[in-house]
Amino acid sequence: MPGFDICPWWLGYIIDNPLRTWWQNPERLLRRYVKPGDVCLDIGCGLGFFSRPMARCTGHGGVVHAVDLQGRMLAGLARRATKHGLDSIIKIRKCQDESLRLGDLAGLVDFALAGYMIHEAPDQPRIFSQVARSLRPAGSFLILEPTGHVNKDAFIETLAFARQAGFAMEEQPKFRGSRTALLRKMSA
């Protein structure tokens with residue numbers, strides 16, 4: 001389907017590098033939302049640009065479920081998690097085209113993140129409904145989309161899908177080069 005190309009695994013090594021961390025500090029952003037002991041979800045985790053700092057924020061009392069479609073991305077994240085002593089916190093999960101495979105996490109997740117991947121999904125409503133089921137009541141879901149790939153109208157459409165799935169906009173945090181939305185799961 002045109003417009004829904006998935007980031008190639010090899011590009012992950014260019015995207016996830018120390019220079020980007022200097023320009024976009026993921027830990028500084030996540031520290032506001034992830035607390036020690038939280039159960040977190042990183043959808044489209046790639047090599048772990050957000051998973052690793054998320055794991056540092058939640059600490060050994062928490063867990064980060066790192067979900068990606070590409071086995072090579074997940075293998076790279078597993079190596080990096082081990083290298084940084086985060087392998088006991090980060091749990092690797094391979095999803096499928098049609099399912100994030102989160103059924104075992106229903107109502108258990110405190111915080112979810114979709115960093116620069118929603119625009120790659122051919123079925124955004126399905127992603128939002130699966131994430132909503134995984135979140136605890138009043139759980140939060142942070143969406144980041146690149147301004148260079150996602151125009152304002154497309155982001156507004158994405159937020160409409162989020163509302164349909166039971167999310168309400170809480171804030172739009174600043175994060176360089178990004179369209180952002182912190183969503184809160186509304187009570188059922």
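**Close-up views of the predicted model**

At 0% relative accessibility, Phe 128 counts as buried. This residue belongs to a predicted model, and the legends below begin with its ring partner before turning to the sheet, the helices and the loops.

**View 1. Phe 128 of helix α6 meets Phe 167 of strand β6.** Phe 167, with a relative accessibility of 1%, is likewise counted as buried. The ring centres of Phe 128 and Phe 167 are 6.3 Å apart and the planes stand at 65°, so the pair is edge-to-face. The two residues are 39 residues apart, and their pair links distant parts of the chain.

**View 2. Helix α6 lies across five strands, namely β1, β4, β5, β6 and β7.** The helix runs at about 145° to β5. Its buried residues are Gln 124, Ile 127, Phe 128, Gln 130, Val 131, Ala 132 and Ser 134. Cover for these residues comes from elements including β1 (39–43), β4, β5 (135–146), β6 (167–171) and β7 (178–185), and also from helix α7 (152–164).

**View 3. An open sheet of 7 strands is arranged in the order β3-β2-β1-β4-β5-β7-β6.** Its pairing is mixed. Strands β3 and β6 form the edges, each pairing on one side only. On average, and with direction ignored, neighbouring strands are turned by 25° against each other. The protein chain as a whole contains 7 helices and 7 strands, which follow one another from the N terminus as α-α-α-β-α-β-α-β-β-α-β-α-β-β.

**View 4. Strands β2 and β3 pair in the parallel sense.** Strand β2 spans residues 63–68, and 5 bridges connect it to β3. Within this pairing, Asp 68 stands opposite Lys 94 of β3. Helix α5, residues 71–83, packs on the sheet and touches both β2 and β3. The direction of α5 makes about 170° with that of β3.

**View 5. Ring pairs join Phe 49, Phe 50, Tyr 116 and Phe 175 into a cluster.** The model holds 7 aromatic pairs in total. One of them is formed by Phe 50 and Phe 175, whose rings are tilted, with 6.1 Å from centre to centre and 50° between the planes. Phe 50 lies in the loop between β1 and α4 (51–58), and Phe 175 in the loop between β6 and β7, so the pair ties together parts that are 125 residues apart in sequence. Both rings belong to buried residues: the relative accessibility is 5% for Phe 50 and 9% for Phe 175.

**View 6. Tyr 116 and Arg 101 are loop residues, Tyr 116 between β4 and α6 and Arg 101 between β3 and β4.** Tyr 116, a member of the ring cluster, has a positive phi of about 60° although it is not a glycine. Tyr 116 is buried because its relative accessible area, 15%, falls under the 20% limit. Arg 101 also has a positive phi, near 60°, and is a residue other than glycine. With a relative accessibility of 46%, Arg 101 counts as partly exposed.

**View 7. The protein chain exposes about 9,300 Å².** Carbon and sulfur atoms supply 56% of this area. Of the 188 residues in the protein chain, 51% are buried. Among contacts between residues at least 6 apart in sequence, 75% join residues at least 24 apart.

Conventions: Residues numbered from 1 in each chain as written. Predicted model: local features only at pLDDT ≥ 70, side-chain atom pairs only at ≥ 80, totals over all residues. Heavy atoms only, no water. Helix = DSSP H or I, 4+ residues; strand = E, 2+ residues; numbered from the N terminus. Buried < 20%, exposed > 50% of the residue type's maximum accessible area, 1.4 Å probe, protein only. Contact = heavy atoms within 4.5 Å. Phe/Tyr/Trp six-rings, centres within 6.5 Å; stacked < 30°, edge-to-face > 60°. Areas by Shrake-Rupley, 256 points an atom, 1.4 Å probe, with all protein chains shown as cover. Pairing = 2+ DSSP bridges. Axes fitted to C-alpha atoms, helices over the stretch in contact; angles between N-to-C directions.
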